[in-house]
Amino acid sequence: MYYYISGTLALLSLSTAVIDAGGVGYRLTVSSNTFSALAGKEGSPAKLFTYFSVREDAMELFGFADEEEKKAFELLISVSGVGPKAAMAILSVMTPSRLSGAVAAGDAKSIAKANGVGAKTAARIVLELKDKIGKAIGSNSANGGSLTADIPDIGNSAVADAQAALMVLGYSRAEANYALASLDSGLDTETLIREGLKRLMK
């Protein structure tokens, strides 16, 4: 029904954004990632891509800071048993690129960290989206690119050691892959870890 809504950001809370477009205030449910993109911009122009959900008991408008997040949302709700709330919960704990990487790596545990998403649902997401998400979510996301591309050569001992070190620090395998993706595999382990941490902290 609506592809995007553009206007003035009239109100922003952790899960809600209100955009005044032509004198009409549109209330949109947003993820933590979109909230962060809008933070501090109340009273300024804003544009959110939208998804209009219609159920028997409610109608709800969801807003996304970019098309990558909207595509990820639509893929998630295509999975059996995953509704809009669960999809937004997942997109509040990981960016589309990290979700893509988690699916590619079979990392259901990272997906299951989302509020209300159990291990079985996370495993189903990995199973059903493994052949879809890399094609749907491009390589130029707002957070540095899709994790399905340029996964480092784990056969390289320095890369493998750096990956293991990042996981010891509490990052998931998918996050470690994301951090090391596209880095020069010829770098020593210490440099790989340092550069990887910089990327994760952006």
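What radius of gyration would a compact globule with 202 residues have, and what does the protein chain have?

**Figure 1. Overall dimensions of the predicted model of the protein chain.** A compact globule with 202 residues would have a radius of gyration near 17 Å. The protein chain has 18 Å, which agrees. Along its principal axes, the C-alpha trace spans about 60 × 35 × 25 Å. Ten helices and five strands make up the list of secondary-structure elements.

**Figure 2. Confidence along the protein chain.** The pLDDT averages 85 over the chain. A score of at least 70 is reached by 90% of the residues. Over residues 139-151, the pLDDT is below 50. This stretch still has 31 contacts in the model beyond near neighbours in sequence.

**Figure 3. Burial and contacts in the protein chain.** Of the 202 residues, 44% are buried. Among contacts with a separation of 6 or more, 53% join residues 24 or more positions apart.

**Figure 4. Surface and charge of the protein chain.** The chain exposes about 10100 Å². Carbon and sulfur atoms supply 51% of that area. Positive side chains number 20 and negative ones 21. The centres of the two sets lie 3 Å apart.

**Figure 5. Helix α9, residues 173-180.** This helix is mostly covered, with seven of its eight residues buried. The buried residues are A174, E175, A176, N177, Y178, A179 and L180. E175 and N177 are thus listed as buried alongside Y178 and L180. An α-helix has 3.6 residues a turn, so residues three or four places apart point the same way. Which helices do the buried residues of α9 pack against? The partners are α4 (96-105), α8 (157-168) and α10 (189-200).

**Figure 6. The residue S182, after α9.** Helix α9 is followed by S182. The phi of S182 is positive, near 75 degrees.

**Figure 7. Surroundings of A108 in helix α5.** Helix α5 covers residues 108-111, and A108 lies in it. Which residues is A108 in contact with, leaving aside its neighbours within four places in sequence? They are A122, A123 and V126. A108 and V126 are 18 residues apart along the chain. Their C-alpha atoms are separated by 6.4 Å.

Note on methods: Residues numbered from 1 in each chain as written. Predicted model: local features only at pLDDT ≥ 70, side-chain atom pairs only at ≥ 80, totals over all residues. Heavy atoms only, no water. pLDDT = per-residue confidence, 0-100. Contact = heavy atoms within 4.5 Å. Buried < 20%, exposed > 50% of the residue type's maximum accessible area, 1.4 Å probe, protein only. Helix = DSSP H or I, 4+ residues; strand = E, 2+ residues; numbered from the N terminus. Rg over C-alpha atoms; globule rule 2.2 N^0.38 Å. Areas by Shrake-Rupley, 256 points an atom, 1.4 Å probe, with all protein chains shown as cover. Lys, Arg positive; Asp, Glu negative; His and termini not counted. Charge placed at Lys NZ, Arg CZ, Asp CG, Glu CD.
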